[in-house]
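Please look through the structure shown here with the following walk-through beside it. The path starts in the protein interior and ends at the nucleic acid.

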Protein chains: 2
Amino acid sequence: MQSFTEENYLKIIYHLSSDTDVAVQTNAIAEKMGTKAASVTDMIKKLADKQLIIYQKYQGVKLTDTGRRTAINIVRKHRLWEVFLVEKLSFKWDEVHDIAEELEHINSSELIERLDEFLAFPKNDPHGDPIPDKDGKFDSATFIKLNKLKTNEQGLVMGVSEHSSAFLKHLEKLGLTLGKLVKVTDITDFDGSIELLVESKKINISREVAKHILIKA
Amino acid sequence: MQSFTEENYLKIIYHLSSDTDVAVQTNAIAEKMGTKAASVTDMIKKLADKQLIIYQKYQGVKLTDTGRRTAINIVRKHRLWEVFLVEKLSFKWDEVHDIAEELEHINSSELIERLDEFLAFPKNDPHGDPIPDKDGKFDSATFIKLNKLKTNEQGLVMGVSEHSSAFLKHLEKLGLTLGKLVKVTDITDFDGSIELLVESKKINISREVAKHILIKA
DNA sequence: CTAAAAGTTTAGACAAATCTAAAAAATATT
DNA sequence: AATATTTTTTAGATTTGTCTAAACTTTTAG
């Protein structure tokens, strides 16, 4: 078994490499962990000793199959707990991240399988992210970022790639929640900010915000 | 905020002193924590510095009001999670202790208040132990230990004072679960073992087992 | 293609929680 | 009351995860 810290390193490495599958750099990990590069070097040596990652000096790290399986399991737990918090305890989608961050380290596969069943085997968490099943399999439907849509194109909001409370509350206020149909009506030349139609209401979002909204065309 | 370890020390000190309110000894803590006396000395100095306990060298420790409040809050969380596991996730009463031992350290009062509400504000956990409310108040109904009953006396099973899986499974097998009416039909001279009537079935338990069964006469 | 900048690792140190062995205090025994 | 036993504390060491400062690689830019 791993410590909470080791689990957090694995999870971060997983998130940093899941798109690209390219080696993850020490500094990138340090930034996400909120530690210094030197500390990361120490830890990745330890994880490499345990065969959870592959590490070559100065070349960054990649997850091994075992490491990836472990990381995905943590992600599974995180997302299931988020569903629980929203569906059963009536938390808002912007309130659950930090609590799930603690709950994800609770160590009982029996607990997680029963929680999954209690929640009726949800496929996605409150932010649209897919929930891996107990074998680590999940839909990897790739969505388009909203900033890629052109004027007059439209699609459904399927997820977000940023989980901060500030961001999610902002979307909430704009009515930009999961399942909504959005249509791009204009893109400003000046700063690229985007004008949208959501439920016949016209709203304006920055390019930065649009980047974190995932769309099914 | 405290570390998990500090929380565990407080909880153990609370359990060791809640009956008697007498100073708790270093060795007693060490035994419950599964550590050595020397480690306990180090930790109680730290807890004393934080004003969570009162410590005088060689004289054991007592909780301060703050320390007791903290300990009771951990107990509250533990027991609420146990109710959740049994009522919502269909765990058996002998399976929940270790998982609740982890969950009790999750740090969010919002989470606990919502969980309490979700469970409809239960008064007791699956072993009959009272659940403190959010102000730390709870029924301190004191029950009689089953070994104190004399022949022909009877009462209701209201709780157990031992939470090991082995013990609870044993009770389960005997049909000695919460709410059952039991009547002492005989007490063996030889070893003090007790013959009981439970739902018109005659069973036999050792004195040691009887000590851990709490009865309302 | 070399020099500067950026990124990474090493060395040595620290805090938390634990340990063993030895010393000191409290308690029990004769 | 003196001694033996038990309990507790101290001293010094270890492990985990972190740090700073300095050294070393790799990458970038002129």
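Trp81(A) has a relative accessible area of 0% in this predicted model, so Trp81(A) falls below the 20% limit and counts as buried. Phe84(A) is buried as well. These two residues lie three apart in helix H4 of chain A, so about one helical turn separates them. Their ring centres are 5.6 Å apart and their planes stand at 80 degrees, so the pair is edge-to-face.

Trp81(A) also pairs with Trp81(B), with ring centres 6.1 Å apart and planes at 80 degrees, so this pair too is edge-to-face. The contact crosses between chains, joining helix H4 of chain A to helix H4 of chain B. Trp81(B) is likewise buried, at 0% relative accessibility. Ring pairs extend the group into a cluster of Trp81(A), Phe84(A), Phe118(A), Trp81(B), Phe84(B) and Phe118(B). Over all chains, the structure holds eight aromatic pairs.

Charged side chains also meet rings. The charged end of Lys88(B) sits over the ring of Phe118(B), 4.6 Å from its centre. Arg114(A) lies over the face of Phe91(B), 4.3 Å from the ring centre.

The remaining topic is DNA strand D, which 22 residues surround. Of the strand's atoms within 4 Å of the protein, sugar and phosphate make up 79%. Helix H3 of chain A gives the most to this surface, with five residues. A polar side-chain atom of Ser39(A) lies 2.4 Å from a phosphate oxygen, and a backbone N or O atom of Lys36(A) lies 2.9 Å from a phosphate oxygen. Asp42(A) places a polar side-chain atom 3.3 Å from a base oxygen of the strand.

How values were computed: Residues are numbered from 1 along each chain as its sequence is written. Chains are lettered from A and ligands numbered from 1 in the order in which they are written. This is a predicted model: local features need pLDDT of at least 70, side-chain atom pairs count only at pLDDT 80 or more; totals for chains, interfaces and linings use all residues. Side-chain values use heavy atoms; hydrogens and water are left out. A residue is near a molecule or strand if one of its heavy atoms lies within 4 Å of it. A polar contact is a pair of N or O atoms within 3.5 Å; within protein, one must be able to donate a hydrogen and the other to accept it, and residues adjacent in sequence count only if both atoms are side-chain atoms. Helices (H or I, at least four residues) and strands (E, at least two) are DSSP runs, numbered from the N terminus. Rings of Phe, Tyr and Trp (its six-membered ring) pair if their centres lie within 6.5 Å; planes under 30 degrees apart count as stacked, over 60 as edge-to-face and the rest as tilted. Buried means under 20% relative accessible area, exposed over 50%, partly exposed in between (1.4 Å probe, protein chains only). A charge sits over a ring if NZ of Lys or CZ of Arg is within 6 Å of the ring centre and within 35 degrees of the ring normal.
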